[in-house]
Amino acid sequence: MITIINPVSSFHRRFQYLALVSVLLLASCSGLGVKPWQRDIHAQQEMAMDADSLDIAVDAHIYFSKEASSGGQGFAGGGCGCN
Amino acid sequence: MVIEVKESMPDFSISIDNRITRIRFRCMASPCEVLIDSQDLALAHEIAACAVGEATRIEHKFSRYLDGNLIYQINHSPGEFVELDAEADRLIAFAFQCYDLSEGLFDITSGILQKIWRFDGKHPVPTQRQVDELLPFIGLDRISYDKKRLKLPEGMQIDLGGIGKEYAVDQITGLLRNQYKPGILINLGGDIAITGMRQSGEQWFIGIEDPDRSQQASSMLKMRRGAIATSGDANRYILHRGKRYGHILNPKTGWPVEGSPRSVTVGADTCTDAGIIATLAMLQGKYAEEFLERQGLKYHCHR
Amino acid sequence: MQLKRKLTGALSLASCSLLGLPTAQAESQWDIETAVMYYSEKDRVTAIEPILGMKKELSDDEFLKLKFTLDSLTGASASGAVPSTQVQTFSTPSGNDTYVVAANETPLDPTFFDTRAQFSLGWDKPIKRTLRRNLGFNISKEYDFTSIAGNASWTWDTNLRNTSYTIGANIELDWIEPEGGAPLPLSSQDPDSSPPILRDGDSKQKQVYDLLLGVTQIIDRSSLVQFNLSLSLADGYLNDPYKLVSVVDSTAGPNEGEPVDQIYENRPDTRQRSALYSRYKKQLTNRDIFSISYRFMSDDWGIDSHTVDVSYRWRLNNGYFIQPGIRYYEQSAAHFYRYFLLDGDAIPGTVTADYRLGELTTQTIGVKFGYSGNKNNNWSIRLERYTQSGESHPDVAIGQLVNQNLYPDVDATIIQFNYAFLW
């Protein structure tokens, strides 16, 4: 749908608007992202950051008991007397 | 409140024609009818009470032209949260989903544009300044909506007119489908759904009005199931400098959409779906058919 | 503006919930995930860990998650004491028995045996249109250790749900009841004296407070990125009650480097950690998924660590996938870490020889193969090799220690089997 009304002023207004929006987008990074109907890939379970949650839990436990670092992806506490 | 029900329950008439019982009434500023595939008058009275009652209930609850209802309360409490009941909450949540899906084209806050756009053939086209003054008060994302609470900023209003009628059709259809065996067709001002097929196995035939020759069906649509909705109105337009502006307003520009069809009729599983798609098709202007093709639904587009 | 999408799918989902119609989704079921992990270090610890995870949608977007973990551990673990050219005799943690470590062998505590049972509960509920709250509870019990923890976090979606901010806090309370009682820090363990171990009470406690700030950003249709900042404060008894530090003879001669005493370690009683975690995940056009994460952690014990984890999920036909992965980790040593102490020097107030607080690097190389074609029947098997290494022959070694391995490698194999289904 294209609405052409008073082309000069409208173009000018839109350009200003566009410039303002671009600056805001760059500043806030909110230009990143997708529209609601573009979520097909992100809706896949494997694309979630917490996919394979049992693997994450198992790894967290192993590395907690063998290394001095823990947490980051989740809370650092291990609930484990292994370290 | 008994009195209110009496006042609000519009008159209806019942007639039987060609093995079909027809109930007529007026609601939501439109002629409405319920067709029953039966000749049982007692049944027709029961169904009329149910259908007319539900249509009136929804109109009274959600019309923005009535004082004192929930929409009035929301529209007259700027800056304050108004509690929503479960039904209103579902409608508002749905409106937000449609807003998101349509990239903001379907917007229940755009009703205030009707202050300056009157499609009665008498009022002139507003100036760009008038339009610009209203645009800051349009945009559903400016509204605060928590679970079950809604708050409008000063100067904004919501209008569920764009989904209310279709919603009423679906609600009535649901009520009647559960209770009555004969096939029933519900038609609220051109938004139609059926509860099932006719007993004879015949389909329902729906005539689509030609916008240029109202009262005369320009084409025929057969229905077995589901619903249809129509967007567009032959009698609501503005002629301005030789251009004809339809009454569908783009909430982003505040202007009517140029190049949109006279009317779009869409068939879908629910009247609500059909209505949204038809409205969005109108908003697509000259791309209406392209948009409708993509949706994979049955449609009729009149230019 | 032209709408170039097919909207009907999403729209009919929305209208079904408006009209109270049943949507295509089936009635709420339990999502069940099970796993069994087998971990085995060469000549050291072996662990078997079965896990049962259950998840159910209570109402729209409201989830209940339960998790049961059992963890049984057997085998030996390095005690922190250095090897000797002589046979060494140590007291068991209870003080009631002794065990012998052969000459030139790394002293291990051979009596390590423990079973841990853990239960955790999570309740994830939308409280506003764009705000979710997650409440969690965790309880864990093993022979000498009890832990309870509670956490709350809020996730706010904004920018058309493309950006999510999370803030969360966790409080963990731990009770430690070491075998035979907590050893007196820095006191000697001497199997010949009575009692062989001096005690400092039966039960110890610590608290861990965590704060997590996160942002997840969807970049485009196929990629997203996550940043987490986490702060953690542990307060209380942070020692490992079974770890020793050897005190060695420092006089030049045949006995140089031979342990003359074994003392119990002592760590500071607070520890502040902060970590920055970032992860990027992308689905490629062939539908493979690439993931990389990096974590930097730093604490006030002087430990800085870097972790990089990369995986590539390679999609095969018919729902099968194969996912190679590699992880690299390195850390600097805690400032109070010592390979050993020298006899005659003053004993520092805090000291540990626990290999996990020393300078180390680890690598994990693994591959996972599985089937994820059907939500009702998903399985995978994971095989990993984990190696840990440090400085086996540090410059500080003297006398006989020059010829000993003061930081033996850990070499572990991990096998894990996952099975998920709907119930």
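**A tour of chain B and its contact with chain C**

Begin by selecting B:Ile192 in this predicted model, and look across to B:Ile228 in β11(B), which is the bridge partner of B:Ile192. The two strands around this pair, β8 (residues 191–194) of chain B and β11 (residues 227–231) of chain B, run antiparallel and are joined by 2 bridges.

Next, widen the selection to the whole sheet, which is open, has 8 strands with antiparallel pairing, and follows the order β1-β2-β3-β7-β8-β11-β14-β15 in chain B. At the edges stand β1 (12–17) and β15 (298–302) of chain B, each with a single partner strand, so one side of each is left without a neighbour in the sheet. Direction ignored, neighbouring strands of this sheet are turned by 10° against each other on average.

Now add α7(B), which lies across β8, β11 and β14 (263–268) of chain B and runs at about 145° to β14(B). Then select α6 (residues 161–179) of chain B together with α7 (residues 271–283) of chain B: these helices pack at an angle of about 155°, their axes 8 Å apart. Because angles over 145 degrees count as roughly antiparallel, that makes α6(B) roughly antiparallel to α7(B). Their crossing is right-handed. To see the contact itself, show residues including B:Ile163, B:Tyr167 and B:Val169 in α6(B), and B:Cys271, B:Ala274 and B:Thr279 in α7(B); by class, this contact has 5 nonpolar, 4 polar and 2 charged residues.

Finally, turn to the contact between chains C and B, which takes 18 residues from chain C and 28 residues from chain B. On the side of chain C, α1 (8–19) and β8 (113–128) each supply at least two residues, and α1(C) gives the most, with 9 residues.

Methods: Residues are numbered from 1 along each chain as its sequence is written. Chains are lettered from A and ligands numbered from 1 in the order in which they are written. This is a predicted model: local features need pLDDT of at least 70, side-chain atom pairs count only at pLDDT 80 or more; totals for chains, interfaces and linings use all residues. Axes are lines fitted to C-alpha atoms, for helices over the stretch in contact, and angles run from 0 to 180 degrees between N-to-C directions. Helices (H or I, at least four residues) and strands (E, at least two) are DSSP runs, numbered from the N terminus. Angles under 35 degrees count as roughly parallel, over 145 as roughly antiparallel, 65 to 115 as roughly perpendicular and the rest as oblique. A crossing is left-handed if the near helix is turned anticlockwise from the far one by less than a right angle, and right-handed if clockwise. Two residues are in contact if their C-beta atoms, placed from the backbone, lie within 7 Å. Ala, Val, Leu, Ile, Met, Phe, Trp, Tyr, Cys and Pro count as nonpolar, Asp, Glu, Lys and Arg as charged, and the others, Gly among them, as polar. Two strands pair if DSSP finds at least two bridges between them.
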